[in-house]
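Me: Please take a close look at one part of the structure shown below. I should like each technical term explained when it is used.

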Amino acid sequence: MVEILTRLPPKSLLRIRSFSKSLRSCIDSPDFIRKHTSRSPQRLFMTHIVQYKHVEEYGDGVFFTFHAEDQLPLPLPLCGGGYVGITPVQFPHRKATPLGSCNGLLLLFGCLNGVISLWNPSIKRQLTLPDCPRRCIYGLGLGLGFDPITDDNKVVSIPRYGNKGIVESAFVYSMKTRDWRPIASSMPLYSKVLSSVCYLNGVLHWVVGHCFPDSEDVQFHCIMTFDLSTHEFGIIDLPKPSWLTQQLGIIQGSLVVLSGNGSDVDTWIWVRNRRDADADASWSLVFKSETIKAEAGVRKALEVTNNGDLLLDTFWEGIQVYTPKTGELSRLMDFNDTSSLVDMNMYVETLELLHMGTACEDVNPLFLQATSFK
């Protein structure tokens, strides 16, 4: 019975748990929730914005759509169905920015009020975190990940614009203890966080401008890591040449780096050859944007795991599906005539937050009611 239940979507499980006390007890258990999360298939959530020329008419809006990997918004001639059957939603907080996902939870940061929260769109629940002890005036570098040793989701906060001269600059929030605590281990000296956070195998990764200890003016780019179990920071050298590192990602369970030459045309994707935290692991060049004859470089890449295709967010040609076997590119559709598709991320459906936080209903953007759907 448990084997069958762990393969059902959260909405079905919410109905089933009301059938009996024994089913509720089973589904509500932490072991069941963790097993269910580990078996949930990867899904995509897409970020859309109202085009500038329509802001005065429809308002300044950001909304999101959620997709199975085999339901990408491709045009009908390419065996896609656009957004048929897809309901757009907005985040629970206005002007919230998604900063990553882990175990089906989305980490949100409120641009207007600085509120940090976790949101589970699968069961419509959110958890607002208490204020971080250090709220840097120039911004925070936030990351969400999972500690496999303590079975705990954690949020890490570091200063976005350097940590020189800052005492207790890094903090970690534990969902089990529900509080922020300073990170005691020494932290590499850096001047700026240059990329979004990337979580892989219990470790958070950021690209940072790293300062040499004897000179704050001389610096180089590297990957700064944070182990969510040991609470230790580390450094990983970037592949060379990497004139401009644009983003980190994950392909086939390995850490990847997107780099270029600053022209917004050429992009290289490097894959780290070992999946552990060995700082001496080597890099392999697996992709060049020139091989697909793209009109612009790539700033973000995701793997569509059900068939090996890549989703490429290009600088000037939008988000496209790249099929390595054929070399073909297919651009994803915008949601409607007044909006633009601007970002993509991965997540899984889960029951996390079932007994934490508060319920929140999906918000159907009002401006979409007057627009034409594709």
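Reply: UniProt positions are given in the numbering used here, feature names are shortened, and annotations may be inferred rather than shown by experiment. An unreviewed UniProt entry annotates residues 2-34 as "domain: F-box". That span is 73% helix and 0% strand, and its end C-alpha atoms lie 12 Å apart. Helices (H or I, at least four residues) and strands (E, at least two) are DSSP runs, numbered from the N terminus.

The model is predicted: local features need pLDDT of at least 70, side-chain atom pairs count only at pLDDT 80 or more, and totals for chains, interfaces and linings use all residues. Residues are numbered from 1 along each chain as its sequence is written, and side-chain values use heavy atoms, without hydrogens and water.

The part chosen here is strand β24, residues 339-348, which contains valine 342. Valine 342 has a relative accessible area of 31% and is therefore partly exposed (buried means under 20%, exposed over 50%, partly exposed in between; 1.4 Å probe, protein chains only). Together with Ile49 and Val62, Val342 makes a nonpolar surface patch of about 180 Å² (nonpolar side chains within 5 Å, from residues with over 30% relative accessible area and no salt bridge, that is, no Lys or Arg side-chain nitrogen within 4 Å of an Asp or Glu carboxyl oxygen).

Asparagine 345 is also placed in strand β24. Its relative accessible area is 16%, so asparagine 345 is buried. The side chain of asparagine 345 makes a polar contact (N or O atoms within 3.5 Å, one able to donate a hydrogen and the other to accept it) with the side chain of lysine 300, at 3.0 Å.

The whole structure holds eight aromatic pairs (ring centres within 6.5 Å; planes under 30 degrees apart are stacked, over 60 edge-to-face, the rest tilted). The rings of phenylalanine 45 and tyrosine 347 have centres 6.2 Å apart and planes at 75°, so this pair is edge-to-face. Because phenylalanine 45 lies in strand β1 (residues 42-50) and tyrosine 347 in strand β24, the pair ties together parts 302 residues apart in sequence. Both phenylalanine 45 and tyrosine 347 are buried. Ring pairs also link Phe45 and Tyr347 with Phe66 and Trp119 into a cluster.

Another edge-to-face pair joins tyrosine 83 and phenylalanine 335, with 4.9 Å centre to centre and 65° between the planes. Phenylalanine 335 lies in the loop between β23 (328-331) and β24, and tyrosine 83 in the loop between β2 (62-68) and β3 (96-102), so this pair ties together parts 252 residues apart in sequence. Phenylalanine 335 is buried, with a relative accessible area of 1%.

Conventions:
Patch = residues over 30% accessible without salt bridge, like charges linked within 9 Å, V, L, I, M, F, W, Y side chains within 5 Å. Areas by Shrake-Rupley, 256 points an atom, 1.4 Å probe, with all protein chains shown as cover. Phe/Tyr/Trp six-rings, centres within 6.5 Å; stacked < 30°, edge-to-face > 60°.
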